[in-house]
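Here is a structure to read alongside a set of questions about why its parts are described the way they are. Each answer sets a value against the cut-off that decides it.

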Amino acid sequence: MKLKLLLIKTYYSFPIQLLLLHFRKYQILLVFWVILFSTINGGFAKVFGGDALFLAPEYLGKVNFYSTAILGMATGTFIMSWHITTFILHTSRFKFLATTSQPFFRYCLNNSIIPLTFLFCVLVRGWEYQRYEQLSTIPEILLLGEGYISGVLFIIFFSFFYFFNADKNIGRRLERRFGNPRQFLRTILKPTQEPDENALPVNNYFSTPWKVRRARKVDHYNKHYLDSILKQHHFAAMITVGCALIVMLVLASMMDHPIFRIPAGASVLVFFAFLIGVAGAFSYMLQTWSIPILLVLLYGLNWLVEHDIVDNRNKAYGLNYREKQGRPEYSPQALQQFFTKERADGDKQFTLEVLKKWRAKFPANQNPPLIVMNFSGGGSRSATWTINVLQRLDSLLHGQLMPHTVLMTGASGGMMGATYFRELYYQQTLGKPIRLTDSIYAERVSKDLLNPVFTAMAVNDFIAPVWSFKIGANHYAKDRGYAFEMQLNQNTDYVLNKSIRDYRIPELNAIIPMLIWNATINADGRRLIISPLPVSYLCAPQYKYPTRQVRDVDGVDFSQYFARQDALDLRITSAIRMCATFPYVLPNAFLPSNPIVDVMDAGIRDNFGQQTTLRYLYTFREWINENTSGVIYLQLRDTRKNDITPIKKTKDLGDLVFEPLFTMQQHWSAMQDFDQDDLVNYMEGYFPNKFHRVIFQYVPQRQDKAAALSWHLTSREKLDIADAIENPANQSALDFVVKLMK
């Protein structure tokens, strides 16, 4: 009997009734908590390293007390926004709060089941993450935890201080409104005959964290008086939501200054705090009209975007978007008319002159081996792997790797590492004190890029997409693409802060290898081929016995097709970003064509860059056979070749429903491998006994601990990538390359 009474009291207690109410009403507000819980526990956005945003927050390039304190303050802001919003929406059902001395404090105290659970999960997961992923010591972890808790408590105490003052001011305003004390008491104790249909039964509540009190009956109170108290609190709460918006506007406007680039996890939490506040205010003010009004607003925004009144499309930095006249037509017919066989033949002769200059660097009586290199996509993981492999090869070959290389191409993160390494080599040829094997370069390319991207997405792209910057006479929006390039320049000591024009003469004179960035044109899947030299011979298959009257153009030579739009002024970081535009993480870059088309990650078409390389080798096969000792084809990839994921022995209902939808996505890399292996097999026939493909692949020490496909790497992941070069298969590949170069 006592147990039954205890269960009844527990069920009708204020905390439990509030928790159940959240699941019964306004479930959309719980979505924010679901996303946060899933993210920190390695579910949502795990493939992008989403958990790192909250478990290893970076501020000014470091994870320390200050970074976790900022994250804690953002967490406190989100928690208070949750309390404020649900307080506005739900207090009409709990009128007894108006009879307490501090209604908002009592509400928050009893509404803390979800926030306290979240804080506990963050601390536990943060301990595990810092201990095993960041390899931090116990004192370091405790200091990080102290920073996080301090930040949360600061915001909560500050918020309650504000509302405690609000309680006093509300009391004074109500006394002035209802007159002298006798009239005041007579009014508020006058019961109303109107039944309150929204009220929920509550027996008890926490008046302090350690004391439970019985909820008072409010039937003898005037209903309008109780509503007045709660509405005064609602007004105070709306001010707090406005403050969150102001903070986000300040962060967006000052994103060029490192001190204002708070950890991405903090930006996401402030953004969520704003959204949850807006959602609550929207529902509270419009009631049943909220959904129709929201649909009208969305329709209006869509109309503004459709008619280019609101245009926040990302642009490739350096290109001229001002002139609408003279933009190249983008259509199959226009491409076929532009990329003719005559143009391809002319560009082929141009590149042959480059190859001759390359050949002249070696003794005339001894044909040198020719090296071409491919780099796979894979975010910071692939970029770091690329630098590690190239540094080891350069060391073993005593500086002869780059002089023997004629072409470097690939996709996504691998091309970021390749571009950086080639620039370092170029600086070395100019007499700069560069030691290519220095470990500092791998450390720089592995620095975080995810935090600025998510910060810009939260505080700029969604809230204040109005800030812009200039390059020459051209204006571009400051969005997450800008944040990515800005951070990449900072990480690499600004050596990539140049345009592709700056590489034209060095490539033309064979001082450095040709480097081709690829991207995928979203409209039709064609490749966008970015090079400072003319390469239209890569834009269409070169059939030996053509069976069609028209050329099958499957690529666009960026520099030639957009020459009137100042294509050679394209920033190097923009070329890298266009090559590495993973959907949603980075914005698609729109090109000044007619009609406008956008591009995204090269990996959609070819994640390994092999198609470009094989077409290049086929084009110059005769010259290569006559003037070299053979082709050394190096493929650097951040995934294991022919790696098959474990096949499920049994399938559940979810597998049967969703597997057909995601089969292409799950096996995209493997299907590209199978297709390209077939092409490589044909290529070997054009170089009899002179074609050697050597593969370097990142193989994690533990398959379940592989580095994430992300723009953020943990300390453990960096060590794992560096150690992967010691894998027996990679050591054998290194030995084989050394043997081929002798």
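Q: What makes helix α22 (residues 572–579) mostly covered?
A: In this predicted model, buried means under 20% relative accessible area, and 8 of the 8 residues of helix α22 are buried. They are I572, T573, S574, A575, I576, R577, M578 and C579, so by that cut-off the helix counts as mostly covered.

Q: Why is T520 called buried?
A: The relative accessible area of T520 is 4%, and because buried means under 20%, T520 is buried. T520 is found in strand β8 (residues 514–521), and, not counting residues up to four places away in sequence, T520 touches G525, R526, D598, V599, M600, D601, A602, I604 and R605.

Q: How far apart are T520 and M600 in sequence and in space?
A: T520 and M600 are 80 residues apart in sequence, while their C-alpha atoms are 5.3 Å apart in space.

Q: What makes the pair formed by the side chain of T520 and the backbone oxygen of D601 a polar contact?
A: The backbone oxygen of D601 lies 2.9 Å from a polar atom of the side chain of T520, and a polar contact asks for a suitable pair of N or O atoms within 3.5 Å, so the distance satisfies the cut-off.

Q: Why is S593 called buried?
A: S593 has a relative accessible area of 2%, and since the cut-off for buried is under 20%, S593 is buried. S593 is found in the loop between β11 (589–591) and β12 (597–600), and, leaving aside its neighbours within four places in sequence, S593 is in contact with R327, P328, Y330 and F562.

Q: How do you know that the peptide bond from N594 to P595 is cis?
A: The omega of the peptide bond from N594 to P595 is near 0°, and this bond is cis. P595 has its place in the loop between β11 and β12. As a general background, most peptide bonds are trans.

Q: Why is H398 called exposed?
A: H398 has 70% relative accessibility, and because exposed means over 50%, H398 counts as exposed. H398 is found in the loop between α15 (379–396) and β5 (405–410), and H398 has a positive phi of about 55° although it is not a glycine. Most residues other than glycine have a negative phi.

Q: What makes D566 partly exposed?
A: The relative accessible area of D566 is 28%, and since partly exposed lies between the 20% and 50% cut-offs, D566 is partly exposed. The place of D566 is in the loop between α21 (558–561) and α22, and the phi of D566 is near 60°, a positive value in a residue other than glycine.

Q: Why does S38 count as partly exposed?
A: S38 has 27% relative accessibility, which is between the cut-offs of 20% and 50%, so S38 counts as partly exposed. S38 is found in helix α3 (residues 28–40), and, leaving aside its neighbours within four places in sequence, S38 is in contact with G43 and F44. The C-alpha atoms of S38 and G50, 12 residues apart along the chain, are separated by 9.7 Å.

Q: Which residues touch the most other members of the largest nonpolar core, and why does this core lie between two domains?
A: Of the 183 residues in the largest nonpolar core, L528, L634 and F696 touch the most other members. The largest share of this core, 11 residues, comes from helix α5 (residues 65–90). Domain 1 and domain 2 both give residues to this core, so the core lies between them. Not counting residues up to four places away in sequence, L528 touches residues including W517, I521, V556, F558, F562, M578 and L591.

Q: How do you know that residues 65–89 are helix?
A: The span of residues 65–89 is 100% helix and 0% strand, and its end C-alpha atoms lie 36 Å apart. An unreviewed UniProt entry lists residues 65–89 under "transmembrane region", and residues 109–127 are also listed there. The span of residues 109–127 is 89% helix and 0% strand, with its end C-alpha atoms 26 Å apart.

Conventions: Residues are numbered from 1 along each chain as its sequence is written. Side-chain values use heavy atoms; hydrogens and water are left out. A nonpolar core is a set of buried Ala, Val, Leu, Ile, Met, Phe, Trp, Tyr and Cys residues joined through side-chain atoms within 4.5 Å. Buried means under 20% relative accessible area, exposed over 50%, partly exposed in between (1.4 Å probe, protein chains only). Helices (H or I, at least four residues) and strands (E, at least two) are DSSP runs, numbered from the N terminus. Domain bounds come from an automatic or database domain assignment. Contact means heavy atoms within 4.5 Å. UniProt positions are given in the numbering used here, feature names are shortened, and annotations may be inferred rather than shown by experiment. A polar contact is a pair of N or O atoms within 3.5 Å; within protein, one must be able to donate a hydrogen and the other to accept it, and residues adjacent in sequence count only if both atoms are side-chain atoms.
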